[in-house]
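Student: I would like a close look at one part of this structure, and then at what surrounds that part. Please explain each term when it comes up.

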Amino acid sequence: MTGVKVYELVEEPDWFSVLSPREVRLLEGALAYHTLVRPGQRVRVTALRTDGPHTPSLTDQSTSRIEWPDDRTVVGTIEAQATGMPVSDVSAVDVVVDLGGPPASLLRLERPPGRVHEVRSAVRARVPVVFDVLRQKRTDRLENRRLSQPIPRVGRPQTRGTGSAAGSPRAVLFGMHWLELGGAEKWAAETVGMARAAGLVPIVLSDRPSGHPDISRPVFDDALVIPLSHPMTGEQESRLLSDLFRRFDVRGVHVHHCTWLYNRLPWIRAHYPGTSLVDSLHVLEWRTGGFVDIALRMSNVMDAHHVISPQLRDYLVDRQGLPRDKVTLATLADLTVEPAVGRAAEVPTRSPGEPLTIAFVGRFTQQKRPYLFLRLAARLRARLGDRVRFVMHGDGELASEVRADHARLGLTGVVELRGTDRPVTDTLTEADVLVISSDNEGVTLTSFEADAHDVLVVSADVGSQASVVPEQMLVPRAPLAFLSEAERVITRLADDPDLAARLLLSQRARVDAFAALPRARDWTRALYERWAS
Amino acid sequence: MTNVAAVIVTYNRADKLGKVIENVLAQDRPAEQVIVVDNASTDSTGDVLAAYEGRPTVHVERLTENTGGAGGFAHGMALAYERGADYIWIMDDDCYADPDALRTLVEGHERAEASMGMRLPFACSVVRWSDGEICEMNNPEPTWDWGKLLVRGEQTVLVNSCSFVSVMFPRWALTQFGLPLAEYFIWFDDQEYTRRITKAGPGVQVLSSTVTHDLGVNRGVNFGDVNAGNMWKFEYGVRNEASYRWHHEDPFAAFRFAQRLFSGLRGGGVPWSLRRRLARKWLEGIRFDPKPRFPRTVL
């Protein structure tokens, strides 16, 4: 076993070999949790797994029941105890840990269960544009309401607690959404590596149900990773945090997208006031408020907010009145690609007669609105014929709806569908224009990748996309206006290769100006070095 | 570091524009960027601006049509906001800033905010005429408690509104309240905008920050002065103020304005044909209700 040792096995079982590396990490997280919340007691774990689409159940209250559904099989049993504690002679406490189904089975969960979701999916599958018009109107209403109402804040801390364990190994406590490394989590994972590089022990807690397919990545090798499943008992929650602060000198808490940890920050501040509390924020979610609203609620007990886009800075400082020096803008422009590196100095121009290749790259999810791209392709094909070709690259929960739409709109042979088995760079190398049809974003990393490949980005005017996309290529979020405006813009690009070249220069200027803003890596490295010193 | 953008809007003032820009560039606390919006001038303004091509902090924005002072300020402020300005300091093309005007404005605003314990949406300078006296056209309207900061020893007066001759807005005021109404074209755009943003708190006039407004005569807006030559400006002014009073105060305020207009015109013996045209503009103002546009966050 790898990672940080907070428990020891009473006896090393031989059945670990039958577990996948992912399952081993999940079991290690569960063992860490159950031994930490029961100091001085032996914990006997029964490990289960299934082939069905079930997320792991590692720390919630169901783990104390010694019965399980029929489709679970027992992988093995194991006994462990927390390190550094005298162990009592009384018999072991029994815990049942469900490692869940394979991640591939969880991908098949295309929609959450329940009648409401069933109806919603059926409407979206049949009339996606009408569905989206209504959805965007609701977003507009919620956005207006949100901007006109103050967000409640927790009180400022008054108490002086004991502080974490000075003299113990210095550590950072991370809160993550889950261990599926998309945009925000990709950054979170990188910070885990940066903490280790700064000489701090990374302790990672995750919040949401998931198969955690990326838990076995090397970046987590020397981290203590505990994927939480809810609900836990209140007593165990506080014991888990207390014991982590007792064993480690937790210099800082860095919350990425983790509601559970956000909500426990006032408690941490009350008891461990010497620990720095910071977060990284990526996107404003108008419909739910999302993590930005939670961050605002908790701001009075926090030391700093790191934001990745100017839009978030303006929201927090200008709209919500947070002190300017508490909000740091530091971008992820270089997270997947180094802007301006590898880009030819010359702007490529399409030769006359050559078709314009228009691409969609991203997950097939409601947020990305792949159905709008398909309809845009249908409109452009009808208008421009063979002068345009399309590539749609991605996969996700709307995959079956995308395939059905693709056939229904007669786009077979017009829009090439590519799965995630092909590298995105193939598509970007071929493309002239990338369409971003999302209804919400922070700053899309794909925009930087597209720019690095000299691909023009036509984007819905959402989030901070205006920071990297010239105004002429920003189109409205509302679906009907999106379709007509994107059709107009792309038709002009097809008709006028010189215009495309000029816009590409303008896009480069925007991307370069954005890339010149402070970088998240630099800010985080400096922060962790301060914590480590 | 705080990023201040100076915005100068110009139209056919080639004779004064160079001095305006030079005075801005010679500030002892220089602006990080100077944006000059040329409202499609038809005189030799282009030649004056050509001298600033390649200056690292100067950006010249040439509009294809004359959008009026209101349109020019809205455009320039939006551009400054997009370019990441923390504060936006705006002025006309016949405003000569004293060398410490910006520094004292920034410092006075900062001190006033600390003293009031709140964010304040604008800070304006004292505007003098060429002879050193107060410029009648650019007197801010004080609040009922205007001397609050004076008694605390600060050279600052609390105000409800001011003109667009050396006034500085913090970025958050634009984020929350948007841009001036370009549709006003000219006159009362400054009054509407500063009154709009004082919903967040009073503005301040920093008495140590001074500029000179190089007007031909030192006289404020007076309806008794209406004549055929200046009528076009008064038409915009009447429409805009009627619109503001009706839609943003109340209909009684619009009627009080009508009464003031009527008295002024009568007092000046303004011809009836011009009075009738202004009455029609007052009525137009009741139907005229443009909505603010918001700047886009880029940097």
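Student: Which residues of helix H9 (residues 290-298) of chain A are buried?

Tutor: The model is predicted, so local features need a pLDDT of at least 70 and side-chain atom pairs count only at pLDDT 80 or more, while totals for chains, interfaces and linings use all residues. Residues are numbered from 1 along each chain as its sequence is written, and chains are lettered from A and ligands numbered from 1 in the order in which they are written. Helices (H or I, at least four residues) and strands (E, at least two) are DSSP runs, numbered from the N terminus.

The buried residues of H9(A) are Phe291(A), Val292(A), Ile294(A), Ala295(A), Leu296(A) and Met298(A). A residue is buried if 20 or more other C-beta atoms lie within 10 Å of its own, exposed if 12 or fewer, and partly exposed in between, with C-beta atoms placed from the backbone. These buried residues pack against helix H7 (259-263), helix H8 (265-271), strand S9, strand S10 (304-307) and helix H10 (310-319) of chain A. Contact here means that the C-beta atoms of two residues, placed from the backbone, lie within 7 Å.

Two of those partners, S9(A) and S10(A), lead to a sheet. The sheet is open, with seven strands in the order S7-S6-S5-S8-S9-S10-S11 (chain A) and parallel pairing. Two strands pair if DSSP finds at least two bridges between them. Strand S7 (224-227) and strand S11 (327-329) of chain A are the edge strands, each pairing on one side only. At the S7(A) edge, strand S6 (residues 201-206) of chain A pairs with S7(A) over four bridges, in the parallel sense. There, Val204(A) has Val225(A) as its bridge partner.

Helix H5 (residues 183-197) of chain A lies across strand S5 (170-176), S6, strand S8 (249-255) and strand S9 (276-281) of chain A, at about 175° to S5(A). Axes are lines fitted to C-alpha atoms, for helices over the stretch in contact, and angles run from 0 to 180 degrees between N-to-C directions.

Another partner of H9(A), the helix H10(A), leads to chain B. In total, 13 residues of chain A are in contact with nine residues of chain B. On the chain A side, H10 and helix H16 (497-515) each supply at least two residues, and the largest share, six residues, comes from H10(A).
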